[in-house]
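Work through the exercises below with the sequence and the coordinates open, and try each task before reading its solution.

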Amino acid sequence: MYDELIKIPKIQLHLHLDGSLRPETVYKRLKEKPIDRITLNDWHRKGFISDQEKVFLIKLFAKDITLELIEKNLKVNRCRNLNEYLEKFILPICVLQDSKYIEESVYQLYEDLYKQGVIYAEVRFAPSKFIYNGLSYDEVIQSAIKGLNKAKKDFDIDGNLILCMMRGYDKSTTINNYKTLFYAKKYLNKGICAIDLAGAEALFKTEEFKGLFSYAKRLKVPFTIHAGEADGPKSIWDAIRFGTKRLGHGVRCVEDKYLVNYIKENEITLEVCIVSNLQTKSTKYKHPLERLYNLGIHTTINTDNDTVSNTNILNDYQYILMYTNLTIDDLIQMNKYAIESSFSENKDKLLEKLESEKTKWKNY
């Protein structure tokens with residue numbers, strides 16, 4: 001089945017860079033450039049890492065760094081909620097404080113996606129998380145775009161980057177979010193295609209970020225919003241009121257039948273991440289993907305974080321075919337939804353590629 005699934009041209013709309021680093025690369029970087037206590041104290045003093053994160057990292061880096069240790073701290077085994085899941089991002093963010101590593105990481109991720117049969121991917125990251133060692137927003141974003149352009153040249157894959165603003169109520173986070181918006185506008189259609197709002201949704205309510213998205217609309221910067229993952233229908237309603245036509249996850253819409261109908265009637269796309277949703281307990285027991293798709297909602301399949309969730313798009317497709325009644329044809333339709341709702345300027349070309357490949361796997 002795995003080999004056959006590779007042949008399907010796939011679209012990924014929801015994928016985080018820092019959650020998808022190769023463990024081998026993280027191990028190599030930490031060996032090349034160890035992170036000492038002086039650096040951690042500096043990051044803590046500047047407010048980049050919390051007390052808890054500082055203690056965690058000091059304990060981690062005091063150990064003998066092995067690939068096994070790196071994998072243990074990058075991948076989720078069991079977690080009780082999204083907040084515990086997000087703890088796995090502490091380590092990858094540490095190694096993404098260098099322009100060379102940012103470029104390399106983007107390139108490697110698109111290489112991995114190409115090998116999985118992905119033809120277009122929107123990879124997202126928060127530039128505010130990569131400035132701990134003094135990189136500017138320009139340097140961070142330009143490095144990521146270089147990695148993207150190099151991958152597009154070397155592999156038969158297309159893509160764009162989404163800049164994430166972060167949830168938080170403090171002054172520093174607010175300033176960084178407006179900076180992210182400014183730079184998204186600066187690099188729009190030059191490798192950057194949109195913005196997003198990510199982070200601890202249940203702790204920092206969506207409604208509090210209305211001003212950011214009002215400003216984004218004035219700047220004419222497209223956006224998607226994480227909503228309906230760790231928080232319920234109200235978070236989704238707020239995101240919709242801001243004007244989004246795409247929802248990061250959005251699966252908790254099933255808790256409100258009126259919301260489900262609204263999403264369907266207005267063709268709002270859900271960036272569903274089935275394995276991640278089950279890990280973070282965003283959905284309990286049976287995932288609502290099949291139900292939402294059968295209702296006619298524009299659902300798309302994404303992995304969220306390949307490394308943190310210990311998955312890839314092929315594994316997620318296999319899971320769907322094994323544990324739901326959905327078929328290959330349904331997966332193909334979801335890829336069509338993904339193309340139509342993407343921020344790509346090459347939608348016609350992607351749709352043509354999807355259609356042209358049908359005969360190779362139609363009878364599978």
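Y107 is buried, and F155 is buried as well. The model is a predicted one, and the exercises start from these two residues.

**Exercise 1. Classify the ring pair of Y107 and F155, and locate its two members along the chain.**

Step 1. A search of the whole structure finds 15 aromatic pairs. For the rings of Y107 and F155, the centres are 5.4 Å apart and the planes stand at 45 degrees.

Step 2. Planes under 30 degrees apart would count as stacked and planes over 60 as edge-to-face; the angle between Y107 and F155 is 45 degrees, so the pair is tilted.

Step 3. Y107 belongs to helix 8 (residues 99–115), while F155 sits in the loop between helix 9 (137–154) and strand 3 (158–166), so that the pair links distant parts of the chain, 48 residues apart.

Step 4. The ring of Y107 also has K150 over its face, at 4.0 Å from the ring centre. Elsewhere, W43, F48 and Y132 form one aromatic cluster.

**Exercise 2. Describe how strand 3 and strand 4 pair, and determine the handedness of the crossover that joins them.**

Step 1. Strand 3 and strand 4 pair in the parallel sense, over six bridges. Within this pairing, L163 has I195 of strand 4 as its bridge partner.

Step 2. Between the two strands the chain passes from strand 3 through helix 10 (residues 171–186) to strand 4, and this β-α-β crossover is right-handed.

Step 3. As for its surroundings, strand 4 (residues 192–198) is mostly covered, with seven of its seven residues buried.

**Exercise 3. Establish to what extent strand 1 is enclosed, and name the strand with which it pairs.**

Step 1. In strand 1 (residues 10–16), seven of the seven residues are buried, so the strand is largely enclosed by the rest of the structure.

Step 2. Strand 1 pairs with strand 2 (residues 118–125) in the parallel sense, over five bridges. In strand 2, Y120 is the residue that stands opposite I11.

Step 3. In a regular strand, side chains alternate between the two faces of the sheet.

**Exercise 4. Which residues line the largest cavity, and which helix gives the largest share of that lining?**

Step 1. The structure holds one cavity of 30 Å³ or more, and the volume of the largest cavity is about 40 Å³.

Step 2. Its lining is formed by I11, T300, I301, Y317, L331, M334, N335 and A338.

Step 3. Strand 8 (299–301) and helix 17 (328–341) each supply at least two residues of the lining of this largest cavity, and the largest share, four residues, comes from helix 17.

**Exercise 5. Characterise the second largest pocket by its volume and by the residues closest to its centre.**

Step 1. The volume of the second largest pocket is about 270 Å³.

Step 2. This pocket is lined by 15 residues, of which R22, P23, D306, T307 and T311 are the closest to the centre.

Step 3. Helix 2 (23–32) and helix 8 each supply at least two residues of the lining of the second largest pocket.

**Exercise 6. K220 and D304 both have a positive phi without being glycine; is each of them buried or exposed?**

Step 1. K220 has a positive phi of about 60 degrees, and K220 lies in the loop between helix 11 (210–219) and strand 5 (225–227).

Step 2. The relative accessibility of K220 is 67%, and exposed means over 50%, so K220 counts as exposed.

Step 3. For D304, phi is near 75 degrees, and D304 is found in the loop between strand 8 and helix 16 (313–323).

Step 4. The relative accessibility of D304 is 3%, and buried means under 20%, so D304 counts as buried.

**Exercise 7. Assign E87 and N261 to an accessibility class, and state how far each lies from a given partner in space.**

Step 1. E87, in the loop between helix 6 (82–86) and helix 7 (90–95), has a relative accessible area of 42% and is therefore partly exposed.

Step 2. N261, in helix 13 (residues 257–265), has a relative accessibility of 40% and therefore also counts as partly exposed.

Step 3. From C-alpha to C-alpha, E87 and L247 are 23 Å apart in space, with their positions 160 residues apart in sequence. N261 and I297 are 36 residues apart along the chain, and their C-alpha atoms are separated by 8.7 Å.

How values were computed. Residues numbered from 1 in each chain as written. Predicted model: local features only at pLDDT ≥ 70, side-chain atom pairs only at ≥ 80, totals over all residues. Heavy atoms only, no water. Phe/Tyr/Trp six-rings, centres within 6.5 Å; stacked < 30°, edge-to-face > 60°. Buried < 20%, exposed > 50% of the residue type's maximum accessible area, 1.4 Å probe, protein only. Lys NZ or Arg CZ within 6 Å of the ring centre and 35° of its normal. Pairing = 2+ DSSP bridges. Right-handed = clockwise from strand over helix to strand, strands pointing away. 1 Å grid on protein atoms, 1.4 Å probe; cavity = no way out; pocket = protein on both sides within 12 Å on 5 of 7 lines; lining within 4 Å. Points joined across faces, edges and corners; volume = space filled by probe spheres on them.
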